[in-house]
Amino acid sequence: MGKQRDLSTGIVAQIQALRQQGLTQTKIAEQLGISQSSVCKALKKNCSKRTNCSGVRKPSARDNKQLRKIAVSNRFKSTSELTDLWNKQTGADVSRSTTYRRLRELGFKSRVPAVKPMLNKKQMEKRLKWAKEHSEWTAEDWQKVVFSDESRFCISFGDQGPRVWRRGGETYNHECVKRSVKFPQSVMVWGCMSARGVGKLCFLKKTVNAAVYQDILETFLIPTVEERFGEEDFIFQQDLAPAHAAKSTKDWFTKKQLEVLAWPANSPDLNVIENLWAIVKRKIRDRKPTTLDQLKQNIATAWEAVSAETCDKLVKSMPRRLQAVIQAKGAATKY
């Protein structure tokens, strides 16, 4: 293909006029009946002769600094909303694409926010204290612990929700995480695991009060620990749900002579079974169950397929989890 002829002065003037009206290069090319590359070359050639082709003040370094402050103070706003705030506060007249480009240059990326429970100051202090008290525990010590938890599984996993503006290393910053909410009604499951593998799974059919919880422990926990530990000692972990902390439940543990690990509130990042639930849910999501019976069957199949090696690897992460809590001064961690 031969070399394209230079555009006439009149065409170049029209390109500049349409550009100042806000038209894109593609629209200009369509309107004038020329190629988009010709429009691009004309604009570049003209810009090389002038410092500002658009006639609009470009954002300065000071403006960029202001954008950084706006993004940090408005983590969950859209690019369009940040653009409006930036223009209003600086007097600039930039487009959404310019704002997006500058945010990227400043290190911000739009990401789905991490979901973490709300932690108040007192809870963070208790988490920090607990982590320090158990920081000397080795991986072998944690291998004696049986972790437990309930989890809800849904047929529809929903969308990922709003996004958040953050920079590298800010994934779990307090102002960057999305607060968790309850899932819609579906299937609730209780399970337990240790470094030796998963335990027996229980599908819950009604609200778990103290009496129901004790029956779950009798029917599912006891056979599991007898199979996995035999006569060896173990420590049972549970969270601080009302049924778990009830006086009758404490009496049940005393009667059974079972040692229960003290546990800080709102600390799913310290419970390795949470990661196991996530593994199972990913497998179920790929299978796309359409009925509750299919969902239950998929849960059971995925749970039974979890290897002892996977469980052991999760348990061995406990020392790192404690150090992460200590480093975060009790705040939420990446786990």
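Is Ser-151 buried or exposed? I would like to start from that one residue, and I should say at once that what we are looking at is a predicted model. Ser-151 sits in strand 3, which covers residues 145-153, and its relative accessible area is 7%. Since buried means under 20% relative accessible area, Ser-151 is therefore buried.

Let us stay with Ser-151 and look at what surrounds this residue. Leaving aside residues up to four places away in sequence, Ser-151 touches Val-187, Met-188, Val-189, Trp-277 and Lys-281. With Lys-281 there is also a polar contact between the two side chains, at 3.0 Å.

Trp-277 takes us on to the next part of the picture, as this residue belongs to helix 12 and is among those through which helix 12 meets helix 13. Helix 12 spans residues 273-287 and helix 13 spans residues 292-304, and the two pack with their axes 9 Å apart, at an angle of about 125 degrees. That angle falls outside the ranges that count as roughly parallel, roughly antiparallel or roughly perpendicular, so helix 12 and helix 13 are oblique to each other, and their crossing is right-handed. On the side of helix 12 the contact also includes Ile-273, Leu-276 and Val-280, while helix 13 contributes, among others, Leu-295, Ile-299 and Trp-303.

There is a second helix pair that I would like you to find, namely helix 9, residues 210-229, and helix 11, residues 247-256, whose axes lie 9 Å apart with an angle of about 30 degrees between them. Angles under 35 degrees count as roughly parallel, which is why helix 9 and helix 11 are described in that way; the crossing of this pair is right-handed. Among the residues that make the contact are Tyr-213, Leu-217 and Ile-222 from helix 9, together with Trp-252 and Phe-253 from helix 11.

Now let me turn to an annotated region, where UniProt, in an unreviewed entry, places the feature "domain: Transposase Tc1-like" at residues 66-135. Over those residues the chain is 61% helix and 7% strand, and the C-alpha atoms at the two ends are 42 Å apart.

I will finish with Glu-133, which lies in helix 7, residues 121-133, and which is partly exposed, with a relative accessible area of 47%. Where does Glu-133 stand in relation to Leu-322? In sequence the two are 189 residues apart, whereas in space, from C-alpha to C-alpha, Glu-133 and Leu-322 are 9.6 Å apart.

Notes:
Residues numbered from 1 in each chain as written. Predicted model: local features only at pLDDT ≥ 70, side-chain atom pairs only at ≥ 80, totals over all residues. Heavy atoms only, no water. UniProt positions renumbered as here; feature names shortened; annotations may be inferred. Helix = DSSP H or I, 4+ residues; strand = E, 2+ residues; numbered from the N terminus. Buried < 20%, exposed > 50% of the residue type's maximum accessible area, 1.4 Å probe, protein only. Polar contact = N/O pair within 3.5 Å; in protein donor to acceptor, adjacent residues only side chain to side chain. Contact = heavy atoms within 4.5 Å. Axes fitted to C-alpha atoms, helices over the stretch in contact; angles between N-to-C directions. Parallel < 35°, antiparallel > 145°, perpendicular 65-115°, else oblique. Left-handed = near helix turned anticlockwise from the far one by under 90°.
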